[in-house]
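Dear colleague,

I am handing over the structure below, together with an account of what was found in it. Please read the notes with the structure open beside you.

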Amino acid sequence: GLKHIYANNDYGVTLFYQDDGKLETTSTGVDVTGSVVADSLNISGLSNLGSVDIYDSGSNAIIAADSGHALELRGRSGQNVTVYAHGALNTVFNSTGIDVTGNVVATGDIIAADSNSSTNPSITFTGHTDTGMGVYHSSSQDNLSLITDGVQRAFFNSAGITSFANVYTGSGSSFRNYGGTWSATTGVTGN
């Protein structure tokens, strides 16, 4: 007949399914041949899942890929990957990018898309995606544009600041020109 349980004195116990050994006790724990289906899993100590280690460092829960391997977090098809910190939603990776709740602190460069447009900002604000800053290249130089409502209002380049509308200052302020010809008007009419 078929074996179901085999107990080997001083070596361990093996459980069989249709004469194939599926679970064997060892001096270090158990060896499983095949898949494990469980309602929950409680792991203590270091657990190695192929090239991934899962463990508790004493102050942090760690998921680490072995050297030479990338650690990928993937949501099921059509699902977001969410990260919680201190019990609160912190980061969501979705099909359009990343949403962060809280501050983003970078120790390196933050690189925005270069739309090369004077009316389509690369850096925008929630609810005001046609207002912000953008970079475009014109006349062999880069221009940093200030854009509101999809219209370029001013830009900075190697020549200085160019404004496409009025420039205002407070009543106690002034504009200065350290050389060249200066012309301006004052007051609130005739400008």
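**What was found**

Within this predicted model, Ile54 stands opposite Ile63 in strand E7. That pair of residues is a convenient place to begin, since the two strands around it can be followed from there into a sheet.

Strand E6, which covers residues 52-56, is joined to E7 by 5 bridges, and the two strands run antiparallel. They belong to an open sheet of 3 strands, arranged in the order E5-E6-E7 with antiparallel pairing. Strand E5 (47-49) and strand E7 (61-65) are the edge strands of this sheet, each of them pairing on one side only. If direction is ignored, neighbouring strands of the sheet are turned by 20° against each other on average. As general background, the strands of a sheet pair through backbone hydrogen bonds, in either a parallel or an antiparallel manner.

Earlier in the chain there are two hairpins to look at, and strand E3 takes part in both. In one of them, strand E2 (residues 12-17) and strand E3 (residues 20-25) run antiparallel and are joined by 4 bridges. Tyr17 stands opposite Asp20 in E3, and the hairpin has 2 residues between its strands, with Gln18 in the turn showing a positive phi of about 50°. In the other, E3 pairs with strand E4 (residues 30-32) in the antiparallel sense, over 3 bridges. Here Thr25 stands opposite Val30 in E4, while the hairpin has 4 residues between the strands and Gly29 takes a positive phi near 155°.

Turning to the chain as a whole, the secondary structure comes to 15 strands and 0 helices. What radius of gyration does the chain have, against that of a compact globule of 191 residues? The chain has 32 Å, whereas such a globule would have a value near 16 Å. Taken along the principal axes, the C-alpha atoms fill a box of roughly 105 × 35 × 30 Å.

The remaining totals concern contacts and exposure. Among the contacts in the chain with a separation of 6 or more, 5% are accounted for by residues 24 or more positions apart. Buried residues make up 11% of the 191 residues in the chain, and the accessible surface comes to about 15800 Å², of which 51% belongs to carbon and sulfur atoms.

With kind regards

Definitions and conventions
Residues are numbered from 1 along each chain as its sequence is written. This is a predicted model: local features need pLDDT of at least 70, side-chain atom pairs count only at pLDDT 80 or more; totals for chains, interfaces and linings use all residues. Side-chain values use heavy atoms; hydrogens and water are left out. Two strands pair if DSSP finds at least two bridges between them. Axes are lines fitted to C-alpha atoms, for helices over the stretch in contact, and angles run from 0 to 180 degrees between N-to-C directions. The radius of gyration is taken over C-alpha atoms; the globule rule is 2.2 Å times the number of residues to the power 0.38. Buried means under 20% relative accessible area, exposed over 50%, partly exposed in between (1.4 Å probe, protein chains only). Contact means heavy atoms within 4.5 Å. Accessible areas come from the Shrake-Rupley method with a 1.4 Å probe; for residues, only the protein chains shown count as cover.
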